[in-house]
Amino acid sequence: MHNFETVHDRRKTRSVKWDNLQALYGGEDVLPMWVADMDFQSPRAVIHALKDKAEHGIYGYTMTDASIAKVVSRWVEKRHGWRIKPSWLLYSPGVVTSLHMAIQTFTNPGDQVIIQTPVYVPFYSVVKQHDRKLVENPLIEDKGVYTMNLEHLETCFRNGAKAMILCNPHNPVGRVWTKQELEQLAALCQTYDVLLLSDEIHADLIHSGHQHIPIASLSEDMSKRTLSFLSPSKTFNIAGLQVSYAIVQEEEKRQQLQDTFTKQGIHMLNTMAVAALEAAYTEGEEWLTGLLDILAVNKKLVEEALAATPLIKPIPLEGTYLVWLDCRNMKLNQKDLMDFFANKAKLGFNGGEQFGDAGTGYVRMNIACPPETMRDALQRLTNSLKEFEV
């Protein structure tokens with residue numbers, strides 16, 4: 001059995017989420033609802049695998065062998081309907097690490113690289129830190145629904161963009177791109193010969209009524225022009241173990257990316273990461289079902305709590321455990337907005353401006369916590385809004 005109701009004390013564990021409250025929000029009484037890790041224990045199978053590895057007592061160099069590759073490829077096929085070959089896999093400590101390596105490998109200084117804003121904060125540095133030109137293709141928001149601006153995107157491609165970073169499911173707006181949307185994007189990539197780097201780290205965290213489709217699975221052409229980046233880290237709450245993989249069909253591209261990994265000294269995963277990945281993907285599916293059920297409960301709690309106020313509107317959540325809250329009706333600048341939540345509501349959110357100018361007036365809330373914690377957060381929020389209205 002998996003107990004998602006238990007509230008675990010994470011303080012004084014060097015938790016980025018829980019042990020930085022004074023520095024980030026000015027007080028230890030703030031409830032952190034920000035960085036994307038969960039307040040749930042990982043599956044028991046993962047915990048047991050780590051215990052067994054720890055008790056073995058020898059932590060030498062560890063391979064990601066053929067059996068690990070089969071575990072990963074089976075998971076991708078079962079969960080996402082994409083049949084990949086184990087030989088297409090490369091491993092790295094994280095998706096962001098792989099994105100940095102891919103930008104170095106397949107683009108040159110001065111090349112244009114597109115991101116769709118508002119978007120996951122590291123996408124900006126992945127482009128800028130390597131002296132590439134950042135090109136923003138802002139998403140269109142209409143009555144709380146975000147869509148791709150394909151007309152503007154085509155203009156960006158026509159103006160010479162070499163690569164694009166896709167976020168699917170999209171962080172922070174929570175969209176799970178449909179097959180039709182992905183096919184439209186794919187057609188543009190093919191027409192203008194654009195390389196696609198697809199961050200699919202939240203692929204397993206899909207809410208009822210939606211389906212994650214790896215864009216590389218749409219066609220042979222897209223499979224060859226796409227590098228897909230996935231990980232069990234968000235799914236099974238093992239981000240601290242630093243484990244991810246890239247799926248690269250085309251042999252030449254795969255070898256080029258591997259060469260960059262090697263030049264940067266990335267040769268293998270750590271011992272515990274390999275054990276956790278294998279246990280999660282072979283014995284963690286029942287736990288994942290329970291997680292999705294509890295996230296659905298929390299999602300409903302958010303919707304119900306905010307239904308009566310015009311001040312904050314949650315953007316419909318299709319994937320991830322990160323709710324994008326539209327606070328523009330509060331008519332506060334971003335600093336005052338964050339101060340209000342931290343000092344009045346005693347809640348620590350991610351400020352929307354972190355995700356780009358298109359995020360101004362928004363905050364991101366992490367709902368991956370026990371319902372008791374979720375109710376506490378929402379009580380704090382609704383009580384503070386009563387004061388605000390007065």
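**Aromatic pairs, helix packing and two buried loop residues**

Phe123 is buried, its relative accessible area being 0%. This value, like the others reported here, comes from a predicted model. The ring partner of Phe123 is Tyr120: the two centres are 5.8 Å apart and the planes stand at 80°, so the pair is edge-to-face, angles over 60 degrees being assigned to that class. Tyr120 itself has 24% relative accessibility and counts as partly exposed, because buried residues are those under 20%. The pair thus joins a buried ring, that of Phe123, to a partly exposed one, that of Tyr120.

A second edge-to-face pair is formed by Tyr245 and Tyr281, with 6.3 Å from centre to centre and 80° between the planes. Tyr245 belongs to strand β10 (residues 244-247) and Tyr281 to helix α11 (residues 271-283), so this pair ties together parts that are 36 residues apart in sequence. Here both partners, Tyr245 and Tyr281, are buried. They also take part in a cluster linked by ring pairs, whose other members are Phe4, Phe40, Trp75, Phe236 and Trp287. In total, the model holds 15 aromatic pairs.

Helix α11 leads on to the packing of helices. Helix α3 (residues 66-80) packs with α11 at an angle of about 40°, and their axes are 10 Å apart. The two helices, α3 and α11, are therefore oblique to each other, and their crossing is left-handed. On the α3 side the contact is made by Ile68, Val71, Val72 and Trp75, while α11 contributes Val274, Leu277, Glu278, Ala280, Tyr281 and Thr282. Sorted by class, the contact of α3 with α11 comprises eight nonpolar residues, one polar and one charged. Two residues of this contact, Trp75 from α3 and Tyr281 from α11, are also members of the aromatic cluster.

Another pair of helices is provided by α4 (residues 95-106) and α10 (residues 251-263), whose axes come within 9 Å and cross at roughly 115°. These helices, α4 and α10, are therefore roughly perpendicular to each other, and the crossing of α4 with α10 is right-handed. From α4, the residues Ser98, Met101, Ala102, Gln104, Thr105 and Phe106 meet Lys253, Gln256, Leu257, Thr260 and Phe261 of α10. By class, the contact of α4 with α10 has five nonpolar residues, five polar and one charged. For the contact of α3 with α11, the corresponding figures are eight, one and one.

Two loop residues complete the picture. Val194 is placed in the loop between α7 (179-191) and β8, and with 1% relative accessibility it counts as buried. Leaving aside residues up to four places away in sequence, Val194 touches Phe157, Ala161, Lys162, Ala163, Met164, Cys189 and Arg225. Of these contacts, the one with Arg225 spans 31 residues along the chain, and the C-alpha atoms of Val194 and Arg225 are separated by 7.5 Å.

His202 sits in the loop between β8 (195-199) and α8 (220-225). With a relative accessible area of 3%, His202 is buried. Beyond residues up to four places away in sequence, His202 touches Pro169, Asn171, Lys234, Thr320 and Leu322. Strand β8 thus borders both loops, the one that holds Val194 and the one that holds His202.

Notes: Residues numbered from 1 in each chain as written. Predicted model: local features only at pLDDT ≥ 70, side-chain atom pairs only at ≥ 80, totals over all residues. Heavy atoms only, no water. Phe/Tyr/Trp six-rings, centres within 6.5 Å; stacked < 30°, edge-to-face > 60°. Buried < 20%, exposed > 50% of the residue type's maximum accessible area, 1.4 Å probe, protein only. Helix = DSSP H or I, 4+ residues; strand = E, 2+ residues; numbered from the N terminus. Axes fitted to C-alpha atoms, helices over the stretch in contact; angles between N-to-C directions. Parallel < 35°, antiparallel > 145°, perpendicular 65-115°, else oblique. Left-handed = near helix turned anticlockwise from the far one by under 90°. Contact = heavy atoms within 4.5 Å. Nonpolar A, V, L, I, M, F, W, Y, C, P; charged D, E, K, R; others polar.
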